[in-house]
Structures are given as C-alpha cells and as structure tokens.
There are 4 protein chains.
Amino acid sequence: MTKDRLLAFSDGVFAILITILVLEFTVPKFQTGHLLIAMLQQWPILVAYIVSYFYVGTLWLFHHDYFQALKSIDRRLNLINLLMLFSITLINYPMALVAETLNRGNNGDIRVAFIAYAVIALFISGTFQLLYFYVGKHAELMSEKMKRARFRKSHSDPLISMVLYILAIVTSLFWVSLGAVFLLLGICFHFVAYLHLSNALGQK
Amino acid sequence: MTKDRLLAFSDGVFAILITILVLEFTVPKFQTGHLLIAMLQQWPILVAYIVSYFYVGTLWLFHHDYFQALKSIDRRLNLINLLMLFSITLINYPMALVAETLNRGNNGDIRVAFIAYAVIALFISGTFQLLYFYVGKHAELMSEKMKRARFRKSHSDPLISMVLYILAIVTSLFWVSLGAVFLLLGICFHFVAYLHLSNALGQK
Amino acid sequence: MTKDRLLAFSDGVFAILITILVLEFTVPKFQTGHLLIAMLQQWPILVAYIVSYFYVGTLWLFHHDYFQALKSIDRRLNLINLLMLFSITLINYPMALVAETLNRGNNGDIRVAFIAYAVIALFISGTFQLLYFYVGKHAELMSEKMKRARFRKSHSDPLISMVLYILAIVTSLFWVSLGAVFLLLGICFHFVAYLHLSNALGQK
Amino acid sequence: MTKDRLLAFSDGVFAILITILVLEFTVPKFQTGHLLIAMLQQWPILVAYIVSYFYVGTLWLFHHDYFQALKSIDRRLNLINLLMLFSITLINYPMALVAETLNRGNNGDIRVAFIAYAVIALFISGTFQLLYFYVGKHAELMSEKMKRARFRKSHSDPLISMVLYILAIVTSLFWVSLGAVFLLLGICFHFVAYLHLSNALGQK
C-alpha cells in the first residue's frame, strides 16, 4: 500500500469522525413555548462539541503533516495507523458523557465523565507516542527533512501530553475542576505540538 | 500540507455534512392506517431540508472555486478553513429546530428557531469574510487570476450576506415571517455570490 | 471546477448514502429469550435494504461511467449534479416507509409507502433525464466516444424508467402488488440502462 | 471505470463503515449518581466494537492490497466489489446483536446473536472467495506480480475462514462459548490471510 492511499483513507476517517461529533448536538426536548430555555441548558454539549471538534481537527493537522514527511510506510506503520484511528473514534463517547453529566449536575458522575475523557485522550496520545517510537527506530521510513527535524523538541510532545492527561486523571479524583483544567491543557497542547512539528518540518 | 489535501479533506466534510442532513428526515410516528396524514404533516422538515441542502451545496461550490483559485495555502488558512467547516457543521441543528417548531406551531418557539438559524448563518458568513480578509492581506497566496479578480464586486459578498442575516435576526424579534424572508434572501444570495466569484474567475 | 473534483465529491456522497442506508437496519425490540422471532419479523427492512443498496449502487456505476465519458463540465452541469445527488439522498425515507408499513401490515399504509418510493424514484430518473437533455444540447461537453454513442438506444433509458415508475404509481392506487412489481422492474431497468451505457461507451 | 476510482469509492465506504460502527457505543442510560456502574456494564459493546473495528480494518487492508495488485478491472469485478461491500455493511447489525444479548444474559438470545455474526462473516468470506475464483479464471486482470503469487498458499484463505465460520455456526447450536471461539479464530485468521497476501505480493 502506498502512503497516498493510507493518507486518503485516514483523511476520510478524520472527515467522518469530525462530522459525526455534531450528531450529538440535537434538538432538545422542550415544552412547547419554552424552546429558548431548553436551548440555553444545552451549553454543555455545545462546549464539549467545540472542544472535541478542535481536538480532532488538530490531530488531523498533525497526522497529516507527520505522514506527509515520511518517505515511505510499511505494514507495521499501517497497523499503528489503524490503532491510532481506532483510539480517535472513541472520542465521541466521553464527549457525550461530559455533556450529559454536566447537564444533570451530579459531581460523582461529572468526575467519572472527565476521567473517561482523559483516559481516551491518554490512549490517543499513547498511539502517537508509539508512532514516534516506531518511526524513531526505523530511519529508513523518514524523509531527509524529517531526519534533520527528529532531535528537536517536538520529539517528546506525545509524552508531555500523556503526562498532562495522567495529571488530569489523578487530580480529577480529588478536585474535578482542576482535572478539567489539565484535560483542557492537554488538548490545547496538541496544538502546540502541531506547531512544533510544522515548524520543525519547515512548513509554513 | 498541500492545497490538494486540504481540498480533499474539505470535500469529504462537505459530502458527509450534506448527506447527514437527510438523517433528520425520518419515518413519522403514525397510527396504523393514517400514514398519509402523518407524512403530509412533515412538510416543515422537507422544506427545511431542501433549503439547507442547497445552502450547503452552494457553500461547497463556492468553497471549491475559491480555494481552487488560490496559488498556495499556509497554516493560518488551514485554521480558518477548519473554523469555516466547523461553522457549517452547525447547520444541522437549526434546520431541525425550524422543522420541529413549525410542526408544533408555537410562535415564540418558531421565532427562536429562525433566529438560531440566522445566527449560525451569520457565523458561517463571518468565517467566509475572515477568509476574504486574510487572503486579501496575503497577495502571495493568490493566483494571478485571483489577483485580477479581487477588486470586483464579489469582494464584499460575505458582508452583504452578513447584513441580510443581521436583518433576519432583528426583524424576527418583531415579525417572524419577515425575518424568515430575509433569512431565505441571505441563503439565496450565497448563490449570487457564487456566480460572482465564478464569473470573476472566468470559469464557465 | 474540474470534472475530477465533481466526481470525487459525488463518489463521496454516493459512498456515504449507500452506507447510511444500513443504519435503518437495527437491532429489533425483543422480549428476552425471543430474539430469533423478532429478527425473522425484520424481513421487510432486509429486503428493502437489499433493493435500495443495489439501486443506489447501480446509479453510482451509471453516474460514474457517464461523467467519465464527458469531456468537460460547466456550471449548469454542476447544478444538475447537485440536484441529482439531492434526489438520491431522499431514497432513505421511502425505504424506511416500505419496511415499516410491511411490518405493520395495513394495506392503505403499504400503498402510500410504495407510491412514495415510486415518486422518489421518478424524481431521480427525472434528474437523469434532465442530465441527458442538457448534455444532448451541449455537444461541446461530450467526448468523441460519447458523441458516437449518443444516438444509440441508451438515449431514452431514463424516460423508460420514468414510464415504469408512473405505471407503478398509478397501478398502486388499485392493486398494490402490481405496483410493487412495476417499481422493482423500474429499479432493475436501471441496471439494464447501465449495461446499455457501458456497452455504448465500449467499456468492458 | 478505472481501478483508481473503484478503489477510491471502496476506501470511502470502508472509512464510513469503520467509523459508524462506533455510533453503537453510546452513553448508557443511568440513574444520576450511578454512571460508573452503568459504564462498566457496557463491556459487551466495547468488546464487540473492538473486534468488529479490527475485523473491518483487516478486510480493508486486504481489499486494498488485493485490488492494488490487479492490472485492470472489468464490469463483473465491479459488481463483485459492490456485493462484497454490501456484505461488509451488514456487520453493524450482528455486532449490536451480540452486545445487546450479552448485556441481557439470556443464553438462547446470545446463541442467536453469535450465529447471526458468523452467518454474516461467512457471507463476507464467500464474496472474497467469489473474487478469488473470478480473478483466478481471468488471468488478463492480474499483474505479473499477482500471477507469480497466485499458486501460493494464500489462494485458499477465504475457504479456510469459511470453514471456521461454518464450525462457529454448527458448534454454537450446542455450545455457544466454543462457537464464539471459532468465530474469533475466523476473524483473527483474516489477519493471517492479509499477511499471506501481503507477503506473496512482496510488500513490506
């Protein structure tokens, strides 16, 4: 399989994933005449959708630039890619959990939902770390540009995000709001990681 | 990332978006033996679907011709594109709101639904305006054809549609039917904007 | 817009449409211990899905070969294509209607459902007829191969299917089973039309 | 139709299929304050999703490498491909059945669900066997690489998986757990078959 086809398939999965996230954002149940109030109470799903959309969007930007910089792919990389896409398909679930529990307002449930989101995010970052590790061991897969870029600081970015997500999980056990902050930091950090990668590869 | 890949990803998102709109158009609840009546009462979702399909379809035609005419893209343009696609994914929600409220027939709810549709449409046009603004400031991204075309009347088209949507929002507060007319005008105007762009770029 | 991009977008819409049809085919409601009986009662949705899948699949094969044979496209053809895709997105609805009414077994409802399916199919064939008509008037859009092929019998195929669907609608008013036969004949005829086209264009 | 377009369409269908599987994995119904327990009871859908995702993913890898190795395609191959994609779209249904019945815990229902999964898997492998058979009879469709590879052991792989699925169906009638083991073996075997093919074609 060529790199182009792997990228086309992955682009397809990303495009579908990012679009079906919005299917969770549906018309609320409402008493006739009270639509506005019912809509305003939907803020959790709107916020969860916005965050998750830009999370998946950033992962796509990253995924794309990274694979673009590879010289070739092999069968194991193909499998790692399938695992990575698998981990990202799971995002829909904790997004809906967070929205639902914020709506109901029970602290214990909210904690569970945020931890579930952080666990999935940790899993996703783990697959990116696996990708970095595997490609790092197989210099023959890298383009020259990537070889020159590999020792720069972007190299440990998946690890940093994993640490943030572990912090999110642990602190959520004691203080949910702080856990949520770490979770958000982790997600925002992916954007930083994308900028690192993009700069390291000399792309505009 | 190359322009081709951005276009392929965007085409994918548009294709999915335009297709999942129809998922709102489902078999009605009906008493056995009274299907026809139940179907006839579904006219609001049919109308809302038709309008939204051609709205998204027109945006796709426009998006495609516009990016086709760019010489290259940079990282910021990529982010603007993600924001633009985000705004368009939201269309599903007010489409379903309008259909549901027209079905129930409460004036207050219908007003809220139309305003929600106009707000999303305003947001979408805002992202197109941002695109125009950004590309206008970065002549190096434009093809020669686009440079020659840029001072023509198509330049302020997103602004005109934004004005129409603001009018739709304001008039809806007092007179819902007039608001709906402005909303429809705004949506139809996108088609005019597409013709402007297409003509300005000398495409058949 | 180039022909390639129109084809890629259309392929995307077809791929999504053909795949979301299966979303109607879900786990039945069943009393614990009685799954098998509940599944057997789902035969209407299975049959409706099989027919609709191969219907849309055939339309895709046809659409693809036809546009492949065009030399170029223009803006009006683009709009006709959007209208054609719109008509095909509607298939999901009558497919679900037919399955639901066959399950409930009320003759009047079944009649309405079959007529709805035939009306949508008539609309789809109408958009193909419009395509034939428009391209027939614009020889500059045709490849040499298509020009040589255009006067063969494939030329009136959409009209023949339209006649079959009109027969399906009219006979359904008096005798539902006969209407269903005409409907099936119309759908099967699309496959014949595809073979006509494919042979006329000299494709294997 | 060219091989590239068939592959692009098929990639699209695979990308959508593999992504909509996750739509079955939704927020559980739960009493406020008892989310965690409700989530833990969802293990059947998680397991069924993981297995089905890697099943479809493996089929995609296989499908892709196989068609890549063909020199050209003809109309009949196109139809076989549509049938193959059809069979794979059905996987969503028994996946949900298995999850639902494992959740309820009635042995008879679980048996029916596993048999349904095995029947669909048998159907899928049957379409692959049909593909092997058809291409085997039409050497003109094969690339040189494939001709050299065709007599190797990969040739009877679909048959082997069909035998495993038939064993799964028969043993399920008496001993569900053993049937489930055969079903899993069959699914894992697809991965072996992919490695066979990939090695036979000399791909890394």
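**Figure 1. C:C188 and B:C188 in a predicted model with no disulfides.** C:C188 is partly exposed, at a relative accessible area of 48%. This is a predicted model, so keep that in mind for every view here. The copy in chain B, B:C188, is likewise partly exposed, with 47% relative accessible area. As for sulfur pairing, the count over all chains is 0 disulfides. The cut-off behind that count is a pair of cysteine sulfur atoms within 2.5 Å.

**Figure 2. How the four-fold relation plays out between chains.** Take chain D and turn it by 90 degrees with a shift of 0.0 Å along the axis, and it lands on chain A with an RMSD of 0.0 Å. That's what a four-fold axis does. Chain A goes onto chain B in a similar move: a rotation of 90 degrees, 0.0 Å of shift along the axis, RMSD 0.0 Å. Which surfaces do the copies use to meet? Different ones, because only 2% of the interface residues of chain D are also interface residues in chain A. The overlap is again only 2% when the interface residues of chain A are checked in chain B, so there too the copies meet through different surfaces.

**Figure 3. The pairs of chains that stay apart.** Chains A and C don't touch, and their nearest C-alpha atoms sit 9 Å apart. Chains B and D don't touch either, with 9 Å between their nearest C-alpha atoms.

**Figure 4. Helix α6 of chain C and its starting end.** Helix α6 of chain C covers residues 107-137, which makes 31 residues. From first C-alpha to last it reaches 45 Å, close to the 45 Å expected at 1.5 Å a residue. What happens at the start of α6(C)? A side-chain oxygen of C:N106 comes within 2.9 Å of the backbone nitrogen of C:G108.

**Figure 5. D:S52, a buried serine in helix α3 of chain D.** D:S52 belongs to helix α3, residues 43-68 of chain D. Buried or exposed? D:S52 is buried, with a relative accessible area of 0%. Its side chain has a polar contact of 2.8 Å with the side chain of D:Y117. Setting aside residues up to four places away in sequence, D:S52 touches D:L21, D:I91, D:M95 and D:Y117.

**Figure 6. A:V51 in helix α3 of chain A.** A:V51 lies in helix α3 of chain A, residues 43-68. A:V51 is partly exposed, with 23% relative accessible area. Beyond its neighbours within four places in sequence, A:V51 is in contact with A:Y117, A:L184 and A:I187. For a longer ruler, try A:K3: it is 48 residues from A:V51 along the chain, and their C-alpha atoms are separated by 30 Å.

**Figure 7. B:G202, in the segment after α9 of chain B.** B:G202 is found in the segment following α9 (176-200) of chain B. With 61% relative accessibility, B:G202 counts as exposed. Its C-alpha is 26 Å from that of B:Y53, and the two are 149 residues apart along the chain.

**Figure 8. Spans of chain A listed as "transmembrane region" in UniProt.** The unreviewed UniProt entry lists residues 7-23, 43-62, 82-102, 114-135, 156-175 and 181-201 of chain A under that name. One of them, residues 7-23, is 82% helix and 0% strand, with its end C-alpha atoms 25 Å apart. Another, residues 156-175, is 90% helix and 0% strand, and its end C-alpha atoms lie 28 Å apart.

Conventions:
Residues numbered from 1 in each chain as written. Chains lettered and ligands numbered in written order. Predicted model: local features only at pLDDT ≥ 70, side-chain atom pairs only at ≥ 80, totals over all residues. Heavy atoms only, no water. Buried < 20%, exposed > 50% of the residue type's maximum accessible area, 1.4 Å probe, protein only. Least-squares fit on C-alpha atoms with pLDDT ≥ 70 in both. Contact = heavy atoms within 4.5 Å. Helix = DSSP H or I, 4+ residues; strand = E, 2+ residues; numbered from the N terminus. Expected span 1.5 Å × (residues − 1). Polar contact = N/O pair within 3.5 Å; in protein donor to acceptor, adjacent residues only side chain to side chain. UniProt positions renumbered as here; feature names shortened; annotations may be inferred.
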